[in-house]
Amino acid sequence: MRRPRLVTSLAAWVLILGLLQWVRAATLFPRWNLLLELGISLPLPYAIATAAAWGGLLVAASIGLWHMKRWARWLTLAAVTGSQAQSWLDRFLFDRSDYARLSTGFAFGLTALVLAMTWGVLWRKRF
C-alpha cells in the first residue's frame with residue numbers, strides 16, 4: 001500500500017517532535033549545575049527522564065507511521081497527546097515566571113495546532 005502524503009508529512013512532523021524532546025533532554029543534562037543555581041522549580045531528573053521517554057515514543061511512532069504499521073496510529077495519538085498533556089501539567093505545576101504566564105496563549109495555540117494536525121490526519125478514512 002502506498003503511503004499517503006499526509007501520513008508522510010505527519011511521520012516527519014512526529015519525528016521532529018521526538019528529536020526535539022531528545023534535544024531537550026540532552027541540553028538539560030550538561031546545564032544541570034547552572035539550572036540548579038538559577039533555582040528552577042522543575043526537578044531536573046524528572047525533566048530529563050520525561051523528555052527522553054517522550055522522545056523515544058514519538059520517534060517509534062514516527063517510524064511506525066513511515067512503515068504504515070497498524071499500531072502506529074494508536075501510538076502516535078497516545079504519544080503526541082500524552083506529551084502535550086504532560087507539558088501542560090509541567091506548566092501548571094512548575095512555571096513561576098511572568099514569561100510563562102505571558103506565553104500561555106501562544107503555547108495553547110501551538111498545542112491546539114499540533115493536536116488538530118495529528119488527530120485530523122490519523123482519523124481520516126484513508127490511513
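This passage describes the helices, nonpolar cores and largest pocket of a predicted model. Residues are numbered from 1 along each chain as its sequence is written, and side-chain values use heavy atoms, with hydrogens and water left out. Local features require pLDDT of at least 70 and side-chain atom pairs pLDDT 80 or more, whereas totals for chains, interfaces and linings use all residues.

Helices are DSSP runs of H or I of at least four residues, numbered from the N terminus. Helix α3 comprises the 23 residues 44-66; at 1.5 Å a residue its expected span is 33 Å, which agrees with the 33 Å between its end C-alpha atoms. Met 68, which follows α3, has a positive phi near 55°.

The largest nonpolar core (buried Ala, Val, Leu, Ile, Met, Phe, Trp, Tyr and Cys residues joined through side-chain atoms within 4.5 Å; buried means under 20% relative accessible area with a 1.4 Å probe, protein chains only) has 15 residues. Two or more of these come from each of α1, α3, α4 and α6, and α1 gives the most, with five. Among the residues with the most contacts inside this core is Leu 10. Leu 10 touches (heavy atoms within 4.5 Å) Leu 65, Thr 118, Val 121 and Leu 122, residues up to four places away in sequence not being counted. A second, separate core of nine residues includes Leu 35, Leu 44, Ala 47 and Phe 94.

The largest pocket is lined by 28 residues (lining residues have an atom within 4 Å of a point of an open set on a 1 Å grid over the protein atoms alone, where a 1.4 Å probe fits, with protein on both sides within 12 Å along at least five of seven lines), and Gln 21, Arg 24, Ser 87, Arg 91 and Ala 107 lie nearest its centre. α4 gives the most to this lining, with eight residues.

Terms used. Expected span 1.5 Å × (residues − 1). Buried < 20%, exposed > 50% of the residue type's maximum accessible area, 1.4 Å probe, protein only.
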